[in-house]
Amino acid sequence: MSSSISSSEHDAASIPPAPASAARWGSFVRGFVITAAAVLVGTLALAFLIDPYDTGHTPLSLREGVRPQGPRTAAASRGRDLAFSAAIFGNSHVQLLSPDALRADTGIPFVSLIAPASGPKEGLVLIDWFLRHRREPARAVIVGIDALWCTANPAMPNDKPFPFWLYSRSPTDYLVGLLRFDVLEEFQRRIVYLLTGKGERARRDGYWDYEPNYIGMGYDTAPAKRAALEVIGESGGGNAKGPYPAAQALEALMNTAPGTALILLRPPVYHKVLPIPGSADAAADAGCRDAFAALAARRPRTALIDWRTDRPELRDPNRFFDQTHYRQSIARLVEADIAAALAALR
Amino acid sequence: MLFNSFAFLLAFLPLALGLHWLVERFAPRWRLSLLLVLSLAFYAYWDWRFLPLLAGSILLNWLIAEAFQKTRSSVLVTLAIVANLAILALFKYFNFFADLAAMIPGLPAPRLELALPLGISFFTFHHVMYLTDLRRGQAPHYDLVRYGLYIAFFPQVLAGPLVRWREIMHQFEERPYLRADAAERFARGLLLLTAGLAKKVLLGDPLAEYANPVFAAAAAGQVVSVAEAWQGTLAFTFQIYFDFSGYTDMALGLALLFGIVLPQNFDVPYRSASIQDFWRRWHMTLSRFLRDYLYIALGGSRHGLSRQIWALFATMALGGLWHGAGLTFVAWGAAHGLALIAALLWRRAGLPMPALLGWLLTFLFVTLCWVLFRATNFEAALAIYKGLFGLAPIGTGFKWRALLPAAAFAIIGPTAWALVNRLPPARWLAVAAALLFVLILFKIGEDANYEFIYFQF
C-alpha cells in the first residue's frame with residue numbers, strides 16, 4: 001500500500017531488557033513507592049498541622065487569623081472568630097454592607113462572610129460553618145437573597161470554583177482537599193505568618209469596599225458603562241412556579257439555630273431591571289419573593305427586607321455602578337433597614 | 001474514572017495492583033478473570049448504565065466468533081461487523097445524519113438524544129479488527145474471558161491505543177511477575193505513568209486556558225484578533241498532543257504495571273517533515289487500523305493512481321468523521337486527505353522538498369487544520385482563520401509562556417516512551433520521579449482539572 005497513512009509497526013513486546021539486574025530495578029520500584037508515599041503523607045501531615053486557612057482542624061495552638069487573601073478561603077478563619085456574633089452572607093450584591101456600620105446601629109458585632117459571584121450553595125455552606133463555630137448561639141444572620149436563590153434546581157450548582165472541602169463536616173473531605181497545589185503554595189507564606197508573628201493579618205471583619213475598583217474601571221464616568229446602566233433587563237430569576245430549594249434548605253439550616261435572628265434581604269437593583277408589572281419576569285420575581293416571605297412568616301425572629309421595589313433611590317443613576325451594584329449611599333439606607341428590622345425582632 | 005484523578009491513582013490503582021499481585025502469586029489461573037472484572041468495574045465507574053452495552057457487545061461478538069468456528073459462515077462475521085458499526089452509528093452519528101437529512105426539504109428527520117458511551121469508538125474498532133482477521137482465517141478463537149479482556153482491558157478501553165489481538169493475546173498467557181525483567185517493566189511502567197501525567201497536567205492543561213477562551217469567543221460570534229487566533233490555535237495544537245499522547249503514555253505505563261506491553265501511539269509527530277510522515281507518527285495505531293481495514297479495502301495503491309487517490313481521500317474523510325459526528329471533523333479529515341494526495345503527486349512528479357521547508361509546511365498545515373477540529377462549527381472556524389490570516393485587528397496580549405516549554409518538548413522531544421526506555425535504574429531517578437508524581441497529585445487536586453480531549457471520540 002501507499003505509505004501515506006502507514007505507521008511504524010512496533011513489536012508490542014519489544015521493551016529491551018536492560019543490562020541492570022532485576023535487583024536494581026526492584027530497588028528502583030521500592031525507592032519510588034516509598035519516596036512517593038513518604039513525601040505525600042509527610043506533606044499532608046505538615047499541611048494539617050500548620051492549618052493553612054486557620055480552620056481549627058490542627059491540634060496545635062497557632063496564631064489566629066490568616067494572611068490577606070480572597071474571601072472564599074479567608075471566611076474559614078473569619079467564620080470561627082468568636083469576636084463576632086452575627087454575620088452577613090451572600091455575594092457582591094451585599095458586599096457593601098458594612099459590619100462596622102451595622103455594629104454601630106445595632107450594637108451587635110458583625111462579620112462579613114460574603115463570597116463574590118457565589119450563590120445559595122456556597123452561602124448555605126458558609127452559614128453552616130458560622131453557626132457551628134459559635135459557643136453561644138449566633139445573634140443574627142443576614143442573607144442576601146438575589147435571583148440566584150430563586151433557582152428550581154435542587155443541586156443549586158455553583159458557577160465559579162469554591163472550596164467546599166474547606167467547610168466540609170467530613171474530615172476526609174478536608175484531608176483530601178489539602179491535597180492541592182494551592183496548599184503547597186501557601187506553605188511558605190503560612191509558616192512566615194505563624195513563626196514570625198509579624199505577617200499582615202487579613203481584615204478580621206471581612207469588609208471590602210468595591211467602590212475604588214469600580215471607579216478605577218470608569219464605571220462612574222465612562223459613557224458606555226453609564227449607558228449600559230439604562231438598558232432594560234430582567235432580574236426575576238426565571239422561576240415563577242417553584243420549587244425553591246434554596247429557601248427550603250435555608251429554613252432547614254436555620255432551624256438548627258432557633259434563637260438566631262434571620263434577615264432575608266432582597267438586595268437593591270437599578271430600576272431598569274426591576275420586573276415590569278404583568279410580565280413573566282414579574283411573576284418569577286413574585287414567586288421567589290413569596291417563597292422567602294413564607295419562610296419569614298413561618299420562622300420566629302425572621303424578617304424579609306425587600307429592596308426590589310420601585311423607589312426613588314433606585315432611579316438615581318449616581319447611586320449605582322451597574323444594574324446590580326449600588327454605591328455607599330444605598331448601602332447606608334439598607335443598613336438602617338436591617339437595624340430597624342433587628343430592633344423589631346427583639 | 002480519569003487516570004488523572006485521586007479516585008484512580010489513590011484508590012483503584014493501588015487496590016487493583018494489590019489484588020493482581022495476590023492472584024498472580026497465589027492463584028494465577030484467576031489472573032485474567034480478575035483483570036476482566038477490574039476492567040469492567042473501571043468502565044462502570046463512569047456510568048454503570050453503559051456497562052451492559054460493553055458486556056453485551058463482548059458477549060455477542062464472542063458468540064458470533066464461536067458460531068463462526070462451527071459453521072465457517074463468513075456471512076455471520078460480516079453481519080457482526082455491520083451490527084457493531086450500526087450500534088456505533090446509532091449512538092454517535094444518528095443525529096449527525098438526521099441533521100443532514102433535515103437539509104432536504106420535506107424529509108422527516110427525528111433526533112435521538114442518546115448519551116455517547118465512553119470508548120465506544122475504540123471498542124467497536126477492536127471488535128472489527130478481530131472479526132475481520134477471524135474471517136480471514138488469521139485469528140484463532142479465544143475463550144470469553146480472554147476475548148472480554150482484549151476488548152475491555154482498562155488501560156486502553158476508553159481512548160486506545162487500538163491494539164491488535166496478536167499484539168496482546170499471547171501476553172495474557174504469561175506469568176508477568178515471574179519474568180526476569182518483571183521489576184524493570186514495573187519500574188518503567190511507573191515512569192511512563194508519571195511522564196504521561198506530567199505531560200497532561202503540567203504541559204497540556206495550562207494550554208487549555210490559552211485555547212478555550214479564544215475558541216469560545218469564536219463560537220459566540222465575536223471577532224478574534226490576530227494575536228488571539230494564533231495564541232488559541234498554537235495552544236490547542238500542543239494541548240491536544242500532550243493531552244492525547246500523555247493519555248497514551250499513562251495507558252502504556254498502566255498496562256506495564258500489570259505485565260502487558262501495549263503498542264506506542266506517538267513518535268514526535270510535530271517533527272514530521274511531510275504529511276505522510278505526520279500520519280506515521282500521530283495516533284499511529286489508528287493510522288494502522290485505517291490503512292489495514294479501510295484504505296486497503298477501498299483499493300489501496302494496487303489499482304492505479306486514480307483509485308489510490310480516491311481511497312486516500314475516503315479513508316481520511318471517514319477517519320475525520322470517526323473523531324466526531326460533525327461536518328467540521330469531516331472537513332478536517334478531508335483536508336488531510338487532500339494534503340496526502342498532493343504529497344503523493346508531488347513525490348510521483350519527483351519534485352524536491354528540502355527537509356526544513358517540508359517540516360515548516362507540515363507543521364503549519366497540521367496547525368491550521370486543528371482549527372477545524374477544535375471549532376464548534378464552520379462559522380467559529382472562519383472567525384479563527386480570519387485572525388490567523390490577518391483579516392482581523394492585530395490585538396494585544398499574546399500569551400506565550402506556557403507555549404514555549406510545550407513547543408520545545410513536542411518538537412525537540414524525545415517521546416516519553418523513548419526516554420523511559422533509556423533511563424537507568426538509578427536511585428536518584430526513582431526519588432526524582434516520585435517527587436514529580438507527588439507534585440502532580442497536588443496539581444490534580446486543583447479545581448481546574450480537565451478531562452481528556454479524546455474521550456469524546
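**View 1. Charged residues in the lining of the second largest cavity.** In this predicted model, five charged residues sit in the lining of the second largest cavity, along with two nonpolar and two polar ones. You can pick out the lining residues by name: G65(A), V66(A), S77(A), R78(A), D81(A), R201(A), A202(A), R203(A) and R204(A). The space they line comes to about 50 Å³.

**View 2. The largest cavity and what lines it.** Here we have about 60 Å³ of space. Look for K199(B), S245(B), T248(B), D249(B), L252(B), Q264(B), N265(B), F266(B), T415(B) and W417(B) around the largest cavity. Helix α10 of chain B, residues 226–257, chips in four residues, the largest share of this lining. Sorted by class, the lining has five polar, three nonpolar and two charged residues. If you go hunting for others, the count of cavities of 30 Å³ or more is five.

**View 3. The largest pocket, lined from chains A and B.** Now we switch from cavities to a pocket: the largest one holds about 630 Å³ of space. Its lining takes in 23 residues, and those nearest the centre are V29(A), V33(A), L17(B), F186(B) and L190(B).

**View 4. Helices around the largest pocket.** Which helix gives the most to the lining of the largest pocket? That's α1(A), with eight residues. At least two lining residues each come from α1 (22–50) of chain A and from α1 (6–26), α9 (182–219) and α19 (427–444) of chain B. As for class, the lining of the largest pocket has 20 nonpolar residues, two polar ones and one charged.

Methods
Residues numbered from 1 in each chain as written. Chains lettered and ligands numbered in written order. Predicted model: local features only at pLDDT ≥ 70, side-chain atom pairs only at ≥ 80, totals over all residues. Heavy atoms only, no water. 1 Å grid on protein atoms, 1.4 Å probe; cavity = no way out; pocket = protein on both sides within 12 Å on 5 of 7 lines; lining within 4 Å. Points joined across faces, edges and corners; volume = space filled by probe spheres on them. Nonpolar A, V, L, I, M, F, W, Y, C, P; charged D, E, K, R; others polar.
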